[in-house]
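Please open the model in your viewer and keep the selection panel at hand. The tour below goes from one selection to the next and says what to look for at each stop.

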Amino acid sequence: MIYWDPKLETGIAVIDEDHKTLFGLLNALLRIIDDGEKADDAALAIAALNDYATGHFKREEALMLLCGYPGQDRHERDHNAFRQGMKSLQHLFSINAGMVNLRGVSDFLLNWLQQHIAVSDRAYVPKMQESSALIAKASENLISCTSFDL
Amino acid sequence: MISWNETLSTGIDVIDDDHKFLISLINQFAELAEHCEDLAQISIAVGALNEYVLNHFRREEILMMVCTYSERRQHQREHKAFTDIVDSLQQLYRLRPRLVNLREVAIFLSDWLNSHIAVSDQGYVAQMRAHKSLVDTVSTNLRDDVNFRFDEPDHLRVS
Ligand SMILES: [Fe+2]
Ligand SMILES: [Fe+2]
Ligand SMILES: [Fe+2]
């Protein structure tokens, strides 16, 4: 079981909500692994996490673009590397669950999320705060929109 | 470990040579998966396997096409499923090597290759024998050039 750490908060509501949801989905996966890991359930939990992460990345990238954040390219590369790797993991797991080291996956996910939120996400916060009115307006549209397209 | 034996033979030299080489690459990978801690060496082995597999499938698909083998599309789909798996393996290994259970992967890939050669590849043998001289001529070209490119007509492309 992992807990949301308030130190990870960015102060941008739509993003903090997403991050908390990602932690919640990670907890669901951890629970399945601790319960002795039924491959079907684990596959669902991984898929749910991947789908939500994809939606979240899109929302974050849209907000970065709106406020003219200069580190966007680098940040998107981080997102893409994660998404690509997780997509591959999901694929291998569906072919033959034994090919994936699931215990390693939960450590990896927790570390990656914490690290990414604490460092990479933190970096865009000042820029978004400068454009807070714009961000607030755009956030209304982004909430509950998982397939946002620019 | 896969060992070459006559039941795996197709009697088409260019293909048998490919299969023997593929088996040696996959055995090497299985060996590394067992003992090796050197991540770079494992990446190189997977990369080599991936590249050779792609070239081999291409050669096989060209020969299936020239001899108008009827199960060709299904066969290509099997190839695609395999290269997708190797692709995912490489991607995941790149993200974090520890997430890959190499031994299981080696077993899976060996089993797949073994049964593909023993069963699916046997499927085209009769048709290729029936077109032996054409297959021989094309084989010579394929042998000379590992990167032999063949632009397939759109209507025959498998997606
Ligand atoms: Fe991010
Ligand atoms: Fe083959
Ligand atoms: Fe084949």
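**First stop: the metal site of chain A**

Select A:E60, which counts as buried because its relative accessibility is 0%, where buried means under 20% relative accessible area, exposed over 50% and partly exposed in between, with a 1.4 Å probe and protein chains only. Before going further, note that this is a predicted model, in which local features need pLDDT of at least 70 and side-chain atom pairs count only at pLDDT 80 or more, while totals for chains, interfaces and linings use all residues. Residues are numbered from 1 along each chain as its sequence is written, chains are lettered from A and ligands numbered from 1 in the order in which they are written, and side-chain values use heavy atoms, with hydrogens and water left out.

Now add the iron ion (ligand 1) to the selection, together with A:E60 (OE), A:H75 (NE2), A:H79 (NE2), A:H116 (NE2) and A:D121 (OD), which coordinate this ion at 2.0 to 2.3 Å. Donors here are N, O and S atoms within 2.8 Å of the metal (3.2 Å for Na, K and Ca), and since water is not among the atoms, sites may look incomplete. Along the chain, the donors of the iron ion (ligand 1) follow the spacing E-x14-H-x3-H-x36-H-x4-D. Colouring by secondary structure shows that the pair A:E60 and A:D121 links distant parts of the chain, with A:E60 in helix 2 (residues 39-66) of chain A and A:D121 in helix 4 (residues 102-130) of chain A, 61 residues apart; helices (H or I, at least four residues) and strands (E, at least two) are DSSP runs, numbered from the N terminus. A:D121, at 0% relative accessibility, also counts as buried.

**Second stop: the metal site of chain B**

Which residues hold the iron ion (ligand 3)? Its protein donors are B:E60 (OE), B:H75 (NE2), B:H79 (NE2), B:H116 (NE2) and B:D121 (OD), lying 2.0 to 2.3 Å from the ion, and their spacing along the chain reads E-x14-H-x3-H-x36-H-x4-D. Bring the iron ion (ligand 2) into view as well, for the iron ion (ligand 3) and the iron ion (ligand 2) are 3.3 Å apart and B:E60 coordinates both. Among the donors, B:H75 in helix 3 (residues 72-95) of chain B and B:H116 in helix 4 (residues 102-120) of chain B are 41 residues apart and link distant parts of the chain. B:H75 counts as buried at 3% relative accessibility, and B:H116 counts as buried at 3% as well.

**Third stop: a serine in helix 4**

Stay in helix 4 of chain B and select B:S110, which is buried at 7% relative accessibility. Its side chain reaches the backbone oxygen of B:A106 at 2.8 Å. Setting aside neighbours within four places in sequence, B:S110 is in contact (heavy atoms within 4.5 Å) with B:I2 and B:I26.

**Fourth stop: salt bridges inside chain B**

A salt bridge is a side-chain nitrogen of Lys or Arg within 4 Å of a carboxyl oxygen of Asp or Glu, and by this rule the count comes to nine over all chains. One of them joins the side chains of B:R59 and B:D18 (2.8 Å, N to O). B:R59 lies in helix 2 (residues 39-66) of chain B and B:D18 in helix 1 (residues 13-35) of chain B, so the pair ties together parts that are 41 residues apart in sequence. B:R59 is buried, with a relative accessible area of 6%, and B:D18 is buried at 5%.

Next, select B:E34 and B:R103, whose closest N and O atoms are 3.4 Å apart in a salt bridge. This pair links helix 1 of chain B, where B:E34 lies, with helix 4 of chain B, where B:R103 lies, 69 residues apart. B:E34 is partly exposed at 39% relative accessible area, and B:R103 is partly exposed at 46%.

**Last stop: between the chains**

Finally, show both chains together and select the contact, which takes 15 residues from chain B and 19 residues from chain A. One salt bridge is counted between chain B and chain A, and B:R98 and A:D107 meet in a salt bridge through their side chains (3.9 Å, N to O).

Conventions. A polar contact is a pair of N or O atoms within 3.5 Å; within protein, one must be able to donate a hydrogen and the other to accept it, and residues adjacent in sequence count only if both atoms are side-chain atoms.
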